[in-house]
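Visitor: I am new to this structure and would like a close look at a single part of it. Please choose a loop, and set it in its surroundings.

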Amino acid sequence: MEKIFYVDDEILSECLVHAKKSDIDNISELDMDNVIQVVTILFKMVLKLDFIDKDSELFEYGDSIQAMKLMNLIEKYLGLNVTISDIFLNPSAKTLASFLLNKKDNFYIASVCNFLLNEGGK
């Protein structure tokens, strides 16, 4: 399992609070790649796979139960609420990452993903 899932809840909460205070809304291509990478990791967690391509759809490997688990992980790690419909309409890690960036302040989601990938778990 990748290190982001060993993030202490207190550290994760600090990251979410800090990101919510940010008012920058410009993200780079690297930030988008980080968001896709985090969402792909969440897909792998839910589906219990070692590898999944960012363009593979959740429902190629799972069902609505895994979609609900994914919703919970997105809320826990990214601080965002999504619906089952959101996941059905954005079934790949790449499309879901794009949806999440459009749903919330871009810098917020980019900051959280950057933290999880680079400073998160020990």
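Guide: What follows is a description of the loop between α5 and α6, with the rest of the chain around it.

This is a predicted model, and confidence in it varies along the chain. The mean pLDDT of the chain is 76, and 69% of its residues score at least 70. Helix α5, at residues 84–89, has the highest confidence, with a mean of 94. Helix α1, at residues 9–21, has the lowest, with a mean of 56. Residues 1–7 stay under a pLDDT of 50, and the model gives them 24 contacts beyond four places in sequence. Residues 21–25 are also below 50, with 7 contacts in the model beyond near neighbours in sequence.

The chain has 7 helices and 0 strands. Of its 122 residues, 45% are buried. Its accessible surface is about 6,800 Å², and carbon and sulfur atoms account for 49% of that. Taking the contacts between residues at least 6 apart in sequence, 72% join residues at least 24 apart.

Now to the loop. Asparagine 90 is located there, between α5 and α6. Its relative accessibility is 14%, so asparagine 90 counts as buried, the limit being under 20%. The side chain of asparagine 90 reaches back to aspartate 86, meeting the backbone oxygen of that residue at 2.8 Å. Apart from neighbours within four places in sequence, asparagine 90 is in contact with Thr95, Leu96 and Phe99. Helix α6 spans residues 93–103.

Serine 92 belongs to this loop as well. With a relative accessibility of 6%, serine 92 is likewise under the 20% limit and therefore counts as buried. Setting aside residues up to four places away in sequence, serine 92 touches Phe43, Lys54, Asp55, Ser56 and Glu57. Helix α2 covers residues 29–47, and helix α3 covers residues 58–61. There is also a C-alpha distance to note: serine 92 and threonine 40 are 52 residues apart along the chain, yet their C-alpha atoms are separated by 8.4 Å.

Next, the helix that leads into the loop. Phenylalanine 88 lies in α5 and phenylalanine 59 in α3; these two form an aromatic pair, so parts of the chain 29 residues apart in sequence are tied together. The pair is stacked, with 4.4 Å from centre to centre and 15° between the planes. A search of the whole structure finds 1 aromatic pair. Phenylalanine 59 has 26% relative accessibility and phenylalanine 88 has 46%, so each counts as partly exposed.

On the other side of the loop, α6 takes part in the largest nonpolar core, which has 32 residues. Helices α2, α4 (64–78), α6 and α7 (106–118) each supply at least two residues of this core. The most come from α2, with 9 residues. Within the core, Leu70, Ile74 and Leu78 touch the most other members. In soluble globular proteins, nonpolar side chains tend to be buried together. Isoleucine 74 touches Leu42, Gly79, Leu80, Val82, Leu96 and Leu100, leaving out residues up to four places away in sequence. Leu96 thus appears in two lists, as a contact of isoleucine 74 and as a contact of asparagine 90.

For contrast, consider a residue in another loop. Lysine 48 lies between α2 and α3. Its relative accessibility is 70%, over the 50% limit, so lysine 48 counts as exposed. Phi of lysine 48 is near 55°, a positive value in a residue other than glycine. Most residues other than glycine have a negative phi.

To return to the loop between α5 and α6: asparagine 90 counts as buried there, and so does serine 92. The side chain of asparagine 90 reaches the backbone oxygen of aspartate 86, while the contacts of serine 92 include Phe43 and Lys54.

Technical notes: Residues are numbered from 1 along each chain as its sequence is written. This is a predicted model: local features need pLDDT of at least 70, side-chain atom pairs count only at pLDDT 80 or more; totals for chains, interfaces and linings use all residues. Side-chain values use heavy atoms; hydrogens and water are left out. pLDDT is the predictor's confidence in each residue, from 0 to 100. Helices (H or I, at least four residues) and strands (E, at least two) are DSSP runs, numbered from the N terminus. Contact means heavy atoms within 4.5 Å. Buried means under 20% relative accessible area, exposed over 50%, partly exposed in between (1.4 Å probe, protein chains only). A nonpolar core is a set of buried Ala, Val, Leu, Ile, Met, Phe, Trp, Tyr and Cys residues joined through side-chain atoms within 4.5 Å. Accessible areas come from the Shrake-Rupley method with a 1.4 Å probe; for residues, only the protein chains shown count as cover. A polar contact is a pair of N or O atoms within 3.5 Å; within protein, one must be able to donate a hydrogen and the other to accept it, and residues adjacent in sequence count only if both atoms are side-chain atoms. Rings of Phe, Tyr and Trp (its six-membered ring) pair if their centres lie within 6.5 Å; planes under 30 degrees apart count as stacked, over 60 as edge-to-face and the rest as tilted.
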